Amino acid sequence: MDYHDLLARLGEGSAHPGGFSATLQLLDTLSIPTGVHVLEIGCGTGRTACHLAKQGCRVTAVDLHRHMLDKAVRRARKERVDVRFIQADVAALPLPDNRVDVVFIESVTIFTPWRMALSEYMRVLKPGGLLVDREMVLSGRKTDLMSRRLKRFYGIRTLATVAAWKKRLRACGFSQVEVKEQSRTMGKWGVDHDPLREMDMNWLEDENVQRMSRTNDRLLLKYGKRLGYAVFTAKVPAEPGPK
């Protein structure tokens, strides 16, 4: 069992800085129009995808973890919303080019080969399309030991500063790269009641789960002051008009 298995078993629907309340606040500031096609990358148990669908968006949601997607499908049925869920790797999205209006991501790209992920986001977005990505960022000194420990436990593949992320987005062809929100700390998760959360209760007493929980606490205590987060927005350049 790895960290993502743990989140799936516990039914965590918003495992990112600020939790679901931060997601709602972000979506309020974005004011995504009704009817646009939104692709959520790393949808987990489908909480955000279902919310977007209820707001009138056409939603496609992908995740690599089968157990997460099973819970997402059941959530959508209970909420009576139409979401297209796909099991897929972000580095090889099973969507045609220029298909979606918005790619929405929260705490996913850091777990991927970032060049391939950003290229895929670019590919599936329409000209003029919007990328929104909330990611953990480096806000203090990084050491090799820190990187190894975070990679081994969480699966984090890239840990970079805000400036480095902006440079990466531009290098992959995105324009109008902006930092919508930024924090030098991970912040605190408030009380987050999810009435449709499916938690595998028998796992709570599992020795592996308890051990992983203690490891998570130790890592956050040791490295938390060097980690923050940022919300990036960027656009796919629009197609040139006729001459």
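In the predicted model, residues 24 or more positions apart in sequence account for 80% of those contacts in the protein chain that have a separation of 6 or more. The chain is built from eight helices and seven strands, and its radius of gyration of 18 Å is close to the 18 Å that the globule rule gives for 243 residues, so the chain is as compact as a globular protein of that length. Along the principal axes, the C-alpha trace spans about 65 × 45 × 30 Å.

Of the 243 residues of the protein chain, 51% count as buried. The accessible surface comes to about 12,500 Å², and carbon and sulfur atoms contribute 49% of this area. With regard to charge, the chain carries 40 positive and 28 negative side chains, the centres of the two sets lying 6 Å apart.

In soluble globular proteins, nonpolar side chains tend to be buried together. In the present model, the largest nonpolar core comprises 53 residues, and the residues with the most contacts inside this core are Leu39, Ile41, Val103, Tyr121 and Phe174. Helix H5, which covers residues 114-124, gives the most to this core, contributing six residues. When residues up to four places away in sequence are set aside, Phe174 touches Leu118, Tyr121, Met122, Leu125, Leu131, Leu169, Ala234, Lys235 and Val236. A second core, separate from the largest one, contains 25 residues, and Val36, Ala72, Ala76 and Val132 are among them.

Two individual positions were also examined. Thr45 is found in the loop that runs between strand E1 (37-41) and helix H3 (47-54). Despite this loop position, Thr45 has a relative accessibility of 3% and therefore counts as buried, the cut-off being under 20%. Leaving out residues up to four places away in sequence, the contacts of Thr45 are with Gly11, Glu12, Gly13, Met68, Lys71, Ala72 and Arg75; of these, Ala72 is also included in the second nonpolar core.

Ser213, by contrast, is found in helix H8, which covers residues 207-223. The relative accessibility of Ser213 is 37%, a value between the 20% and 50% limits, and Ser213 therefore counts as partly exposed. Ser213 and Ala49 are separated by 164 residues in sequence, and their C-alpha atoms lie 27 Å apart in space.

Terms used: Residues numbered from 1 in each chain as written. Predicted model: local features only at pLDDT ≥ 70, side-chain atom pairs only at ≥ 80, totals over all residues. Heavy atoms only, no water. Core = buried A, V, L, I, M, F, W, Y, C linked by side-chain atoms within 4.5 Å. Buried < 20%, exposed > 50% of the residue type's maximum accessible area, 1.4 Å probe, protein only. Helix = DSSP H or I, 4+ residues; strand = E, 2+ residues; numbered from the N terminus. Contact = heavy atoms within 4.5 Å. Rg over C-alpha atoms; globule rule 2.2 N^0.38 Å. Areas by Shrake-Rupley, 256 points an atom, 1.4 Å probe, with all protein chains shown as cover. Lys, Arg positive; Asp, Glu negative; His and termini not counted. Charge placed at Lys NZ, Arg CZ, Asp CG, Glu CD.
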